Amino acid sequence: MGREFYRIPRKSGHLLTSSRNGFTLVELLVVIAIIGVLISLLLPSVQSAREAARRTQCINNLKQISLAALNYESATGLLPNSGDVAVEQLQFGREGFRSSYPVANHEKGRQTSWAVDLLPYLEQQNLHSRFDKAKNIFEQASQAQAEFVTGYLCPSDQAQGRYFLDAEISRGVQFAKGNYAAYVSPYHIDLQLLYPGAIIATGQSLKNIEDGSSRTIAFSEVRTLDMESDERGVWSIPWAGASILSFDMHHLCANGALFCLDGAKYRANPSYLGQTQTPNATHGPIRDTLHSCKQGSTHQTISDLENMPCESWQGHIGYGGFYSASPRSLHAGGVNVAYLDGHTEFVANAVDEFAFAYSISIDDGQIDVGN
């Protein structure tokens, strides 16, 4: 009997085998799940690295701004004005005694900020030349105030492309936003000449910084709100939360009064602990005072949701007034600040309020105890 051979049937010229190519649906889903897990593990690291790079840029900008202020002082003999605003004398009377004291009225004057004056020292001479020094900030034909300045932008906040525009308050003029503000006082913004910080309305020499430039905070970060009616971050106007800040730690009067003209060095008042403009403040009765942030308005609601509480400024300056704003950033836990000598530090949200107030004041005679 002859040998029989079993032949494997062919199909389309190829041997049929038991092996298969590709993945089953289950295997594909498993691979996708693994990739998803890996991405979820890597994403925080990538985001952290990006934020670290952004924060480094924010810090470098602060340093350059502080050094620009020093160069300005070397060239002119004075640190830049906090703003081209009116300096007025108000009367303070008590028990038959009357005396005058200086206030900075930010609603009068040309109303350009320190940031405009520092443009030539930040390689922005061309933009600076577009400002007409004879005209109010609301009357600039060149619209230079609507330009974004790279050195005034912290990339963590994404202020690029955000404007302040209000038919009444900004007079229909568009203003570009930024992320840096100067400290004018440990008290209120309008009292910056009575209780001065580094950058004040009249300008001042480094010789006036009695506490030393390495112990005096000059600039800090601020946040912007993506809302045209919110002026916070506007670099060209010397308004609270826009380009200037104060801490709202009241002065401790020798006679225990709420306000005094005793001529003494600034002393932080312990009665106001918990009521100051600490970094990224979201607690207590203190809110950023803006020109329009009405109680219960959409503006105020969105500000609260963004942890940037605000209220409308009541229009009072001097004793009995209240005009201040908190330094703000999107960096976790605090803000970056620049001292007058150019060095920078990170200030925690939970900063010691006394230490911070004395770091802003220029003539309190106290030694900065850190944060």
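**Salt bridges and burial in a predicted model**

The structure holds 10 salt bridges, and the model is a predicted one.

Colleague: What makes the pair Arg 328 and Asp 288 a salt bridge?

Modeller: Their side chains meet with N and O 3.0 Å apart. The cut-off is within 4 Å, so this pair qualifies as a salt bridge. The two residues come from distant parts of the chain, 40 residues apart: Arg 328 lies in the loop between E11 and E12, and Asp 288 in strand E10.

Colleague: Why is Arg 328 called buried?

Modeller: Arg 328 has a relative accessible area of 2%, and buried means under 20%, so the word fits. Asp 288 is buried too, at 1%. Salt bridges with shared partners join both of them with Asp 230 and Arg 232 into one network.

Colleague: How do you know whether Glu 306 is buried or exposed?

Modeller: Neither word fits! Its relative accessibility is 38%, which lies between 20% and 50%, so Glu 306 counts as partly exposed. Glu 306 forms a salt bridge with Arg 223, with the closest N and O atoms 3.5 Å apart. Arg 223 is buried, at 10%.

Colleague: What about Asn 280, and which residues does it touch?

Modeller: Asn 280 is buried because its relative accessible area of 15% is under 20%. Among the residues Asn 280 touches are Arg 328, Gly 334 and Asn 349.

Colleague: Why are E9 and E13 said to stand at the edges of their sheet?

Modeller: The open sheet runs E9-E7-E8-E12-E13. E9 and E13 each have a single partner strand, so one side of each is left without a neighbour in the sheet.

Note on methods. Residues are numbered from 1 along each chain as its sequence is written. This is a predicted model: local features need pLDDT of at least 70, side-chain atom pairs count only at pLDDT 80 or more; totals for chains, interfaces and linings use all residues. Side-chain values use heavy atoms; hydrogens and water are left out. Buried means under 20% relative accessible area, exposed over 50%, partly exposed in between (1.4 Å probe, protein chains only). Contact means heavy atoms within 4.5 Å. Two strands pair if DSSP finds at least two bridges between them. Helices (H or I, at least four residues) and strands (E, at least two) are DSSP runs, numbered from the N terminus. Lists of a residue's contacts leave out its neighbours within four places in sequence.
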